[in-house]
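Hi,

Here is the structure I said I would pass on. Have a look at it first, and then read my notes below.

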Amino acid sequence: MPILPLGIPPDLEKFFFNRERELKELKTFLNALYENVSQQILITGYRGVGKTYLLKKLLNDLPDDILTVYIDISKIYGIQKGKLTEELILRNLLSSMNSSIKEIDTGTIKKSYSAVKNVLGGLKLKKYNFKAAGRILGISIPEVEDDYEKLSHFVMELPQRIVESSDEKIKGFVIVIDEFQLIGQLENPDAFFWMIRSYTQEQGRVSYIFTGSTSKMSEIVEKINGAQGAFGGRMIQFNVEPFSEEKTKSYLQEKVSGIKFSDDGFRRFYECTRGIPAYLNSFCNTMSEEGTYNGEKVKKTFFEKMDQIAVMWIRIWGTLSENEKEILTSIVEGGPLSWSELERQVTFSKGTLAKYLDVLKNKGVISLYPVERKYTIEDIMLKTWLKHRNEIDGYYPP
Ligand SMILES: Nc1ncnc2c1ncn2[C@@H]1O[C@H](COP(=O)(O)OP(=O)(O)OP(=O)(O)O)[C@@H](O)[C@H]1O
Ligand SMILES: [Mg+2]
C-alpha cells in the first residue's frame, strides 16, 4: 500500500508535485520587493487543494535576502477555543517576525531582536511596561495594557524598518497569513483589514499573502478585496485549482506507479477526488498494487474506505460544536436551505442560528449561493460522508 502524506510533510521537496506555473507567478509578484514595490496577494481555493503546501514551498524557495513569516489563524483560534482577538493575531505576527531575524548578525538587527523578545514577554503577561526602552528601530512600543493602537503600529511598522536598518542585507519581507477567513470571527474584521491596508500602502518592502479555505466569491473575500473592501480590488487574487485529469495522471504515475487503473477506473477515481490532492493522497493510501482498478472497483473502494478518504473532514467534524453539527445535518437532509427554511429546521433560537451560520461560513464549511440566498455544504465530500454514515449507522456522527 502506498503512503502519501495527509498533511504537509516535513521534507517539503520529497512529495511536492508540479505547481510550477503558480510558483513562477507568485515569485514574479514578490520580486517587485527588490524594486521597492510591494504586492498584496489573496490566495483562495478548495479545502485540501494545496494552498498551504504551495505557500510553504514558495517561502522555502525564496532567496535569503527575503525574510519570511508564516502564521496560521486556525492555530490561534484553536488554542483560544474560538475566542479570537486582534491582539492575539498581532502578538503571533510579532513573534514570528522576530524569529525570522534571529539569525541576522548586523548590530542593529541583533539588538532589536532581543528588545522585541522583551516586548513579547511583556505582552504575554499583559504588562506593557517598557518606558525605559521607548523605541525599537525608531518605532514607539506599547506601554499600557490594551494599547491596541500602539501595538498594531509597532507590529505593522516593524518589517519595513527591519529591511531599512539591515545595511542592504535584507531586501524584503513576505508575510503569509493562512486560514485568514477566520479573521471573520473578530468583532470587527473590516477594521482589522483596513488597519493592515493603511500600512501596506506606504511600505514597498513588505508583501502580505492572505490565504484560506474560502471560495473566491465569499463574503470575507468581499470584505478584504471587494469594491467596498479594505483593499478595494488592489490585491492580486489567485485561485489554486485542483489538478486537471492530465496532471492527476502524471501525479499518480510519479508517486504511486504501482496502482493500476482501467480508463473507466481512472475516470471514476477522478470524479470521486476531483483532482484535489488531499483526496488523491487519502484515496491512494487505501488502494493496493494488486489487480486493476476498474470503475466498479473504484466505486466499491470509495464507499468501503470512505472514513479514510474523507479523513480531512472527520478531523474538522470533531472540532465543531453541537449547534454547528445540527445546522450541517439539516442542510444535508434538506438540500440547500434558505434562512427561513433553516430556522424552521433547527432546535435553537434565531440569534444562535445567525451566529453559527457565520462561524461555519468563516470556517469554509458552508457557503451561501448569492442569487438564491441558500446555504449549501461547501465540499461534496463532507456531504457524501455524512449521508453515508447516516445510511450505515442510522444516525449522523456524534
Ligand atoms: N503540489 C502538491 N504535491 C503533492 N501533494 C500535495 C500538493 N499540494 C497538496 N498536496 C497534499 O494535499 C494535502 C492538502 O494540502 P494543503 O494542506 O496544502 O491544502 P490546503 O489547500 O491548505 O487545505 P486547507 O484549506 O484545508 O488548509 C496535503 O496532504 C498535501 O501533502
Ligand atoms: Mg491550508
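**Starting with helix α3**

The residues of α3 that are buried are Lys51, Thr52, Tyr53, Leu54, Leu55, Lys57, Leu58 and Leu59. That makes eight of the eleven residues in this helix, so it counts as mostly covered, with buried meaning under 20% relative accessible area. One thing to keep in mind from the start: this is a predicted model.

What sits over those buried residues? The cover includes two helices, α1 (12-15) and α2 (20-31), along with the strands β1, β2, β5 and β6.

**The sheet next to it**

Those strands belong to an open sheet of five, in the order β2-β5-β6-β1-β7, and the pairing is parallel. At the edges are β2 (66-72) and β7 (236-239), each of which pairs on one side only. On average, neighbouring strands here are turned by 15° against each other, ignoring direction.

Helix α3, which spans residues 51-61, packs on this sheet and touches β1, β2, β5 (172-178) and β6. Its direction makes about 155° with that of β2. Another helix to look for is α5 (residues 86-101), which lies across β2 and β5 and runs at about 145° to β2.

If you want to zoom in on one strand pair, try β1 (residues 41-44) with β6 (residues 206-211): they pair in the parallel sense over three bridges. Within that pair, Leu42 stands opposite Phe210 of β6.

**Around ligand 1**

Now for the ligand. Which residues come nearest to ligand 1? There are 23 residues around it, and the nearest are Phe17, Lys51, Thr52, Tyr53 and Ser213. You have met Lys51, Thr52 and Tyr53 already, among the buried residues of α3.

Some polar atoms are worth picking out by eye:

- Thr52 has a polar side-chain atom 2.7 Å from an oxygen atom of ligand 1.
- Gly48 has a polar backbone atom 2.9 Å from an oxygen atom of the ligand.
- Leu6 has a backbone N or O atom 3.5 Å from an oxygen atom of ligand 1.

How much of ligand 1 does the protein cover? On its own the ligand has 630 Å² of accessible area, and the protein covers 93% of that. The elements giving two or more residues to the shell around ligand 1 are α3 and α12 (277-284).

So α3 is a handy place to begin browsing, because it packs on the sheet by contacts within 4.5 Å and also gives residues to the ligand shell.

Cheers

Definitions and conventions. Residues are numbered from 1 along each chain as its sequence is written. Chains are lettered from A and ligands numbered from 1 in the order in which they are written. This is a predicted model: local features need pLDDT of at least 70, side-chain atom pairs count only at pLDDT 80 or more; totals for chains, interfaces and linings use all residues. Side-chain values use heavy atoms; hydrogens and water are left out. Two strands pair if DSSP finds at least two bridges between them. Helices (H or I, at least four residues) and strands (E, at least two) are DSSP runs, numbered from the N terminus. Axes are lines fitted to C-alpha atoms, for helices over the stretch in contact, and angles run from 0 to 180 degrees between N-to-C directions. Buried means under 20% relative accessible area, exposed over 50%, partly exposed in between (1.4 Å probe, protein chains only). A residue is near a molecule or strand if one of its heavy atoms lies within 4 Å of it. A polar contact is a pair of N or O atoms within 3.5 Å; within protein, one must be able to donate a hydrogen and the other to accept it, and residues adjacent in sequence count only if both atoms are side-chain atoms. Accessible areas come from the Shrake-Rupley method with a 1.4 Å probe; for residues, only the protein chains shown count as cover.
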